[in-house]
Amino acid sequence: QVRRAEEAQEEEAQDENAYLAKYSLKMVSCMPDEQVQNPEDGAYEYQSVMLRLCPTEYGCDSDSQVGCAAGYGDFVVGINTFVQAYFEDQRDNMQGDDDAN
């Protein structure tokens, strides 16, 4: 039963974040002096990264520092959180490639 509850929570979280599929993610800048508190564990990170969600329908210019000029949302995360999520995503992508073969 515990496993079913965990699966239900994971499925619910995926549904809550489904709207993110309509956005591209652009790293806007590093903020070496910006302190951020991780909402999951309350720990502080003393360097951060500013990210921008650009609506996919308008495009995200990877050559531009800001990515897009309309319909975007900016947010800041700790650099450790960003790096951890990046490598986790890369690992998942590589595992997906292995599963396809």
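Which side chains meet in a salt bridge? Keep that question in mind while we get our bearings. What you see above is a predicted model, and we will walk through it from the overall layout to a few individual residues.

Start with the layout. The chain has two helices and five strands. If you follow the sequence from beginning to end, these elements come in the order α-β-β-β-β-β-α, so a helix opens the series and another helix closes it. The chain has 101 residues, and 16% of them count as buried. Its accessible surface amounts to about 8,100 Å², and carbon and sulfur atoms account for 47% of that area. Now think about which parts of the chain touch. Take the contacts between residues at least 6 apart in sequence: 54% of these join residues at least 24 apart.

Now back to the opening question. The salt bridge is formed by the side chains of R52 and D74, with a distance of 2.6 Å from N to O. R52 belongs to strand β4, which covers residues 48-55, while D74 belongs to strand β5, which covers residues 73-78. The two are 22 residues apart, and the pair links distant parts of the chain. Side chains of opposite charge can pair when their charged atoms come close. A search of the whole structure finds one salt bridge, so R52 and D74 are the pair to look for.

How do the two partners sit with respect to the surface? R52 has a relative accessible area of 8%, so it is buried. D74 has a relative accessible area of 37%, so this residue is partly exposed. R52 also has a second partner worth finding: its charged end sits over the ring of Y72, 3.7 Å from the ring centre.

Stay with strand β5 for a moment, and look at G78. Is G78 buried or exposed? Its relative accessible area is 4%, which means that G78 is buried. Leaving aside neighbours within four places in sequence, G78 is in contact with V36, E45, Q47 and S48. For S48, the C-alpha atoms of the two residues are separated by 4.1 Å, although G78 and S48 are 30 residues apart along the chain.

Next, find Q37 in strand β2, which covers residues 36-37. Q37 has 42% relative accessibility, so it counts as partly exposed. Beyond its neighbours within four places in sequence, Q37 is in contact with G42, A43 and Y44. You can also compare Q37 with V77: they are 40 residues apart in sequence, and their C-alpha atoms are 8.4 Å apart in space.

The helix α2 spans residues 79-100 and includes T81. With a relative accessible area of 28%, T81 is partly exposed. Once neighbours within four places in sequence are set aside, T81 is in contact with N38 and E45. T81 and N38 are 43 residues apart along the chain, and their C-alpha atoms are separated by 8.1 Å. Notice that E45 has come up before: it is also among the contacts of G78.

Now let us turn to the aromatic rings. A pair of aromatic rings is described by the distance of the centres and the angle of the planes. The structure holds one aromatic pair. The rings of Y86 and F87 have centres 5.4 Å apart and planes at 80°, so they are arranged edge-to-face. The cut-off explains the label, because planes over 60 degrees apart count as edge-to-face. Y86 counts as partly exposed because its relative accessibility is 42%. F87, at 54%, counts as exposed.

Finally, look at the surface. Which residues form a nonpolar patch there? They are Y19, L20 and Y23, and together they have about 270 Å² of accessible area. L20 lies in the loop between α1 (2-16) and β1 (23-31). Its relative accessibility is 31%, so L20 counts as partly exposed. Y23 also leads us to one last residue, E57, which is found in the loop between β4 and β5. E57 has 68% relative accessibility and therefore counts as exposed. The C-alpha atoms of E57 and Y23 are 8.1 Å from each other, while the residues are 34 apart along the chain.

Notes:
Residues numbered from 1 in each chain as written. Predicted model: local features only at pLDDT ≥ 70, side-chain atom pairs only at ≥ 80, totals over all residues. Heavy atoms only, no water. Helix = DSSP H or I, 4+ residues; strand = E, 2+ residues; numbered from the N terminus. Buried < 20%, exposed > 50% of the residue type's maximum accessible area, 1.4 Å probe, protein only. Contact = heavy atoms within 4.5 Å. Areas by Shrake-Rupley, 256 points an atom, 1.4 Å probe, with all protein chains shown as cover. Patch = residues over 30% accessible without salt bridge, like charges linked within 9 Å, V, L, I, M, F, W, Y side chains within 5 Å. Salt bridge = Lys/Arg side-chain N within 4 Å of Asp/Glu carboxyl O. Phe/Tyr/Trp six-rings, centres within 6.5 Å; stacked < 30°, edge-to-face > 60°. Lys NZ or Arg CZ within 6 Å of the ring centre and 35° of its normal.
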